Each structure stands twice: as C-alpha cells, then as structure tokens.
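Where do the nonpolar side chains gather, and how are the charged ones paired or left unpaired? Please keep the structure open while reading, so that each residue can be located as it comes up.

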Amino acid sequence: MTQPSAPAPFDARAFLRTLTPLPGVYRMLDVEGQVLYVGKARNLKRRVASYFRKTVDSAKTRALVAQIAGVEVTVTHTEAEALLLEHTLIQRFRPRYNILLRDDKSYPYLLLTAHPYPRLLIHRGPRRAAGRYFGPYPSATAVRETLTLLQRVFRLRQCEDGFFAHRSRPCLQYQIRRCSGPCTEMIGRAEYAVDVADVVAFLEGRSGELIDALVARMEVAAGHWRYEEAAQLRDRIAMLRQVQERQYVSAAEGGDLDVVAVAIEGGAACVQVFFFREGRSLGNKPFYPRMPEEQTPGQVLSAFLVQYYLNHPPPAEILLSHEPDEAAVVAEALGERAGRKVQLSMRVRGERARWLEMANRNAALALAADIASRAGVRRRFEALQDALGLDAAIERMECFDISHTQGEATVASCVVFDGEGPRKSDYRRYNIEGITPGDDYAAMHQALTRRYTRLRDEDAPLPDLLFIDGGRGQLAQAEQVLAELGIDGVHLIGIAKGPDRRPGLEVLHLSGQDRPLTLPAESAALHLVQQIRDEAHRFAITGHRQRRAQARRTSTLEAIPGIGPRRRQLLLKQFGGLQQLARAGVEDIAGVAGISKALAQRIYDAFHPDG
C-alpha cells in the first residue's frame, strides 16, 4: 500500500519574483487544486510575501501556509475592486480559511427603509423588511466603514422607528452632526428626500454624477450668498472625492458578458477570460493554448472562441482585445450554438474599456509568470540531466504509483511531465484486477504492462525517464515489463523514501547500477523528482478513494438474485454488518428467517468466489 508522502514545498521565492505589486485578489490552492483562502491586497507582492516570512505569529496562518501548493492572482484597478471580487470568489468557492475568519455565514447589506424619513442601517439575514438593499458587502468592516462615511456626509437617521416617532428633542447624533434631526423637524421632508437621493446615487456607484450635482448646488448656494450651505456642500464634495471608487468589477450593466484578452510573447500565448453573469463578476480564468508556431492575436482568439464557446454556452456579448480572424463567421457559429445573436465587440469605451484593459493586463502578467515558470521547469530538467549523467536532454518523464487500503480498490496512476511541466491530458489511471490483494509488485506489473503495450502498439511517444514510486522490488517489475515488450531506450529509476520517510532524504535506484544515488536536499533535480512522485501519489490516491467510495455505495448483497431490500436489511441486522456476514457459514445464514438453504449457499458463494 502506498504511504502518504509529503508534497514538495511551494516555491514561494520563485513565485514572488513574478508577482506584481498592483492591487488584486489572490487565491491559495492545495495539492488537489481546491481553494484554501481568498484574500485581497493593495499590493499583491507585499501581501502574499507576508505569508512566507520566517516568523509568522498566527497559528492559523502557519497551518494555511503548510498546505499551499499554488497561488493564483487576479489584478484589479483598485483595492475597492479587489474587495468586491474577493467577496464574489468567497461566495463561489467557500474556502475553508475564509469561513473561519467570518463572524457570520451571511453577508451584510445596507438597508434604506421604506419610510417617509428613511433610515439607513446594516442588515443581515433574510431580506424581508421593506426597503431597498445595497450589497452584499464582503465583510462587516466594509459595510461599517461605508455607513460611517454616509453618516458623516449625508446625516440620515439611524434610530429605530419607535424611537423616532416619540422624540421631542434631537438626540446626541444630531449634536455631533451625524443626523439632520428629522424626528423633531430640524430638516424638512423635501430636504431630507434630497439627501436620500444622494445616498442612493452614491450606493449605486454614480458618485461622479453625484459630485457634479453637488458642485452645481454649491455654486447656486454661493451665488445666492448662502455661504454656510455652500461650505457644507464643499465639505461633502471633498469627502466624496477621497473615497470615490467606481465598482467596475461588479458593474456589468445587469447582463451576461465575457471579456476576453490575449497576450503573446516568445511563441507562447495566454488568453484571459473574465466572466460576468447577471451583472456580477464570477472571476477570471487564464488559458494557455499550445501554438505550433508564432501566430497573430487574431488567429489565437479565433481558434479559442470556437473551441471554447462551442463547448460552453456563450453570453450575449463578448468583449475582445483584438479582432479575431473571420470574426463574422465566428459570431455566426456562436450564435447558432446559443440559439440567439452573439455580439463580438472590439472597440469599446467607458467602463467596458476599463474591463478590457483589466483583462489585457491580467493576460500579460499571467503570461509573464507562465514563461518564468516554464523557464524554471526547464532549469530543473537540465539539473536532473546533469545529476543522472545523461547525454541527451530530457523531454518527457512518466511516474507510476499504486494506492489501495489493505488491498481494497487498488488503483495505479501514471503522470506525465514534459518541458512545460505536468501534461495532464496524458495522465492515466488503471483499476487493478485479478491479483492477490495488497500485492504491490503484481499491481505495478499489471499497470506497466497495460500502459506500455498500448504505447508500443500505437507507436506513441515513450518517456526518456520512467520513475517508479518504490525501491528495488518495484524497479525490477518495470525492468521485467519493458524487457518482455522489447522496449529499450527508457531510463528506469525507483524512488525510495529515506529514513523516517522524511522529504529531502529520498534515495534513487537506477536500473543497471548497484549503488543508489542520493541528491542534496537543496538540489533542483531532487525537487523535480519529488514533484513528479508527489503528483503520481496524489493522482493515485484520488482515484483509489473514488473507486473505494463507489464500491462501498454498492453492497455485495444487491447482486444476489432473491435478495431484496427487506432481506438485505434483515441479514445486516442479524449479523451486525457486511463483514460479519461474509465470515458466516451456510448454516448460520440459513438460520435467518426467510433465508432458504439454497439462498444461503448463493450468499456464501458471493462472498467466497474461490470456494
């Protein structure tokens, strides 16, 4: 049985070298690609780097960092946009470490009540109260900051309706200029309605229009010598300008829209897609199409749009960074796929231009990081070539691992790495059958035979290096299989765990060599070996768990003729479970009410197929 092995640590230093100092959102992922944590930052590089300092006080942060296998980022224009996108992603992924930080499972809103003198308050939970809701906000801190700002600028009441109805004199909030005193008619209903309209404009993101209106009102007041009123309006304008943040991330005009941008450099391309549905951002995703040769942005976009949106429902409109080749044909094909017109837009203005610029920036940054990552992979390949003393460059590697639980649901995995890193489209799993449970050598022999018989028959590419997770015994199985199939030119290496199974102490057994090879713990070659071994282990154990869960959802009794739900339940109750029933003899089973001796024999045979 494969024992868990520690994954290769996330190379934070290399990642931080490629990270931008711009504002944005970062997503921390575990070895299975699940989102552990979503955070926002004014400076992505500085914020993410803070997690990887040598001294971290928070136990939660240390536990989080220990699980990080990758980090993804989305660059935004401002920290406010990052805050909104962070909220969207938290709702979408429900990351474990974000949930622990929240004081409530629901997100807060601002509620403007339906009242002649509306009240502005923070609201959580079901939206049953009459009024208008703004939000949701990603944190209580964010909504409190917004409410405090609005109280300072617009001075709407905060008191409950019962308190408001029975006031005879203004409260302390009026004295400290946080309320305009509508309860005692210190402000008229029409004037209060103007303040309410201004609050709505601000919360709808129309702060630019609001400032323009306030400037006009200030000039009118000054022109009529109402200097105190003009000064109040001036102060409002100054405060609004300090906090003016257009919410571009979530302002897709209430419709469905994708923003697609492409960046090309050095023969590599990145297509960045931002998804908006019903006016809300669902986040973004980079794609790295393989290009056989240098191509134009229009060619890349044309190929991407057809391949992607013919398998995914296209939105009503797609904003593009470049005009795709044969744009009219592409639009027609997507329209047929959607059953309605799909508009491709390239030359846009205003907010749409901002979204497109944001997608362009993310595509360029993601491509730069990907190129740097590929360069790092190539350096590791070269380091491994030197460590093994190989004459030819390593182009392709494969690694096998076996996973089972006490012989149950045995699964073998094969993962493939090339010069760009993991090649997941070539990964394969093999369900192992017909062997003695727990025989790892037989399982490895079967998996290798199935894999390389097919590659030989299809004349498919063979690996330069074949890694086996195990020692001399597993390596011997690989040698035997390749000899039987007449395959040569493949270097075989067994990866044996070191003392106490500690990472960094692995021993490499090379086929044809008596002495094992031990690489320094800081060696880039060893890091590559650990990476492919851990990826094979992850892929194997995931497949094993899926197969085991599927097997346990299906009882052996269900396949026996004459055993329905009632008899199955009765047998399990009588014997206390499936394992105890499997140990019972025919006479014991026949002793259960309703079970004949012939049926008891069929049940016994089902659990003992070999007699």
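The paragraphs below go from the nonpolar cores to the salt bridges, and then to the surface and the backbone.

The model is a predicted one, and what is said here applies to that model. A natural place to begin is the interior, since in soluble globular proteins nonpolar side chains tend to be buried together. The largest nonpolar core holds 29 residues, and the ones with the most contacts inside this core are L110, L120, L150, L203 and L240. Two or more residues of this core come from each of the elements β4 (109–113), α6 (140–153), α9 (189–203), α10 (207–223) and α11 (227–243). Helix α9 provides the largest share, with seven residues. Apart from this core lies another one of 25 residues, which includes F381, F417, L465 and L528.

Turning to the charged side chains, the count of salt bridges comes to 18. Six residues, namely R396, E398, D418, R423, D426 and R451, are linked by such bridges into a network. Within this network, R396 pairs with E398, their closest N and O atoms lying 3.5 Å apart, and both of these partners are buried. R423 and D426, which also belong to the network, have side chains that meet in a salt bridge with an N to O distance of 2.9 Å. Here the two partners fall into separate classes of exposure: R423 is partly exposed because its relative accessibility is 23%, whereas D426 is buried because its relative accessible area is 19%, and the limit for a buried residue is under 20%. These two values lie on either side of that limit, and the class labels are best read together with the percentages.

A further salt bridge joins R547 and E433, with the closest N and O atoms 2.2 Å apart. R547 sits in helix α17 (residues 524–553), while E433 belongs to the loop between β15 (428–431) and α15 (440–458), so this pair ties together parts that are 114 residues apart in sequence.

Another approach between parts distant in sequence involves R361, a residue of helix α14 (residues 350–388). R361 and V262 are 99 residues apart along the chain, yet their C-alpha atoms are 9.6 Å apart in space. R361 counts as partly exposed because its relative accessible area is 27%.

On the surface, R13, R17, K54 and R379 come together in a patch of positive charge. Of these, R13 is placed in helix α1 (residues 12–18), and R13 is classed as exposed because its relative accessibility reaches 66%.

Two loop residues deserve a look for their backbone angles. Q406 is not a glycine, and still its phi is positive, at about 50°; this residue lies in the loop between β12 (396–405) and β13 (408–418). With a relative accessible area of 76%, Q406 is exposed. D459, likewise a residue other than glycine, has a positive phi near 55°, and its place is in the loop between α15 and β16 (465–469). D459 also counts as exposed, at 69% relative accessibility.

Notes:
Residues are numbered from 1 along each chain as its sequence is written. This is a predicted model: local features need pLDDT of at least 70, side-chain atom pairs count only at pLDDT 80 or more; totals for chains, interfaces and linings use all residues. Side-chain values use heavy atoms; hydrogens and water are left out. Patches are made of residues with over 30% relative accessible area and no salt bridge: like charges are joined within 9 Å, nonpolar side chains (Val, Leu, Ile, Met, Phe, Trp, Tyr) within 5 Å. Accessible areas come from the Shrake-Rupley method with a 1.4 Å probe; for residues, only the protein chains shown count as cover. A salt bridge is a side-chain nitrogen of Lys or Arg within 4 Å of a carboxyl oxygen of Asp or Glu. Lys and Arg count as positive and Asp and Glu as negative; His and the chain ends are not counted. The place of a charge is taken as NZ of Lys, CZ of Arg, CG of Asp or CD of Glu. Helices (H or I, at least four residues) and strands (E, at least two) are DSSP runs, numbered from the N terminus. Buried means under 20% relative accessible area, exposed over 50%, partly exposed in between (1.4 Å probe, protein chains only). A nonpolar core is a set of buried Ala, Val, Leu, Ile, Met, Phe, Trp, Tyr and Cys residues joined through side-chain atoms within 4.5 Å.
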